[in-house]
Amino acid sequence: MPQTKHPKMILSIQSHVAYGHAGNSAAVFPLQRLGFEVLPVHTVQFSNHTGYGAFRGQVFTAEHIHDVMLGMQERNILGQIDAVLSGYLGDGSIGNAILEAVATIRAQNPATLYLCDPVMGDVGRGLFVKENIPDFMRSAAVPAASIITPNQFEFELITQHQLTSVQDAIATARKLMAHTQLQTVIITSIATPDIPQEKLGTLAVTAGQAWLVTTPLIQLQPLPNGMGDVFSSVFLGRTLQGMAVNQALEAATATLYALVGNTEPGSRDLPLIAQQEQIVAPQKVFSATEVNCG
């Protein structure tokens with residue numbers, strides 16, 4: 001009998017909600033739909049995401065993360081992990097526990113990718129994490145990551161620089177990469193003055209190339225939660241499938257655009273289950289245009 005090829009394995013350390021799609025509840029299913037074995041470790045367990053206002057549940061401690069990771073280490077699982085994905089952090093202690101997990105995994109598999117989605121805030125909402133999180137991201141998480149996927153607001157927090165153009169964003173990303181082990185910087189929801197107001201940009205920057213995807217703005221109020229979680233998971237999955245950065249950028253942007261476009265007005269959640277085909281074969285792909293940094 002032919003041997004079964006084992007799927008690649010991704011450790012996803014994020015928040016979790018029983019109802020709705022945010023954190024692991026938004027990231028795990030797309031990765032599974034793309035064919036990955038996902039190991040979800042929850043930093044919180046809430047009844048629903050905070051977009052609904054009231055919620056119930058518990059925030060887990062760093063000791064909880066350590067204990068779960070120790071159990072996996074005892075099962076000899078860590079060396080099989082191909083990538084780590086992290087998102088929203090309740091506090092710096094959870095972040096340190098995640099970075100310790102990444103270091104432990106890389107000690108056994110140095111090629112392990114770490115995608116850090118530095119969730120901190122957004123234009124209009126401002127900062128919605130503890131005040132120490134931006135410094136933790138800047139000094140500890142980002143330097144340890146292979147890929148980061150901040151929105152423009154978060155990228156400006158990390159770099160302490162307000163972007164003036166796409167070219168400025170590329171130069172700033174490369175300056176950040178020069179002092180870290182970052183391979184790829186993705187800036188989502190980029191809206192610098194040189195991007196048309198009716199468009200929304202997503203920029204991918206590597207040491208040698210940069211690509212920009214622009215999509216029409218979708219007018220939804222409120223916007224559904226979990227959009228960044230879905231984007232990051234799909235980009236990571238497509239990268240692990242062997243896609244080049246520009247191809248993974250196109251795929252992740254197309255999936256998110258289709259899911260948002262199919263969200264019912266007033267819904268606070270993406271239609272992940274009903275529209276799951278958009279994860280593997282999105283209905284419309286927007287081309288990534290290479291941007292030359294002059």
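This talk walks through the sheet, the helices packed on it, one helix pair and one cavity. Keep in mind that the model is predicted.

Start with the sheet. It is open and has 10 strands, with mixed pairing. The order reads E3-E2-E1-E4-E5-E8-E9-E10-E11-E12. Which strands stand at the edges? They are E3, residues 57-59, and E12, residues 289-290. Each has a single partner strand, so one side of each is left without a neighbour in the sheet.

Now one pairing inside that order. Strand E1 covers residues 9-19, and strand E2 covers residues 37-48. The two run parallel and pair over 9 bridges. For a specific contact point, take His16: its bridge partner in E2 is Gln45.

Next, what lies across these strands. Helix H2, residues 62-74, lies across E1 and E2. Its angle to E2 is about 155 degrees. Helix H3 lies across E1, E2, E4 and E5. H3 runs at about 160 degrees to E5.

H3 and E5 come back when we turn to the cavity. How many cavities of 30 Å³ or more are there? The count is 1. The largest cavity holds about 40 Å³ of space. Three elements each supply at least two lining residues: helix H3 (92-108), strand E5 (113-116) and helix H4 (133-144). Among the lining residues are Gly95, Ile98, Leu99, Tyr114, Cys116, Phe136, Met137 and Ala141. Ser86, Gly87 and Leu89 also line this cavity. By class, the lining has 8 nonpolar residues, 3 polar and no charged.

Last, a helix pair. H7 spans residues 227-240, and H8 spans residues 245-261. Their axes come within 8 Å and cross at roughly 145 degrees. The crossing is right-handed. On the H7 side, the contact uses Met227, Val230, Phe231, Val234, Phe235, Arg238 and Thr239. On the H8 side, the residues include Val245, Ala248, Leu249, Ala252, Leu256, Leu259 and Val260. What is the make-up of this contact by class? It has 13 nonpolar, 3 polar and 1 charged residues.

Note on methods
Residues numbered from 1 in each chain as written. Predicted model: local features only at pLDDT ≥ 70, side-chain atom pairs only at ≥ 80, totals over all residues. Heavy atoms only, no water. 1 Å grid on protein atoms, 1.4 Å probe; cavity = no way out; pocket = protein on both sides within 12 Å on 5 of 7 lines; lining within 4 Å. Points joined across faces, edges and corners; volume = space filled by probe spheres on them. Helix = DSSP H or I, 4+ residues; strand = E, 2+ residues; numbered from the N terminus. Nonpolar A, V, L, I, M, F, W, Y, C, P; charged D, E, K, R; others polar. Axes fitted to C-alpha atoms, helices over the stretch in contact; angles between N-to-C directions. Left-handed = near helix turned anticlockwise from the far one by under 90°. Contact = heavy atoms within 4.5 Å. Pairing = 2+ DSSP bridges.
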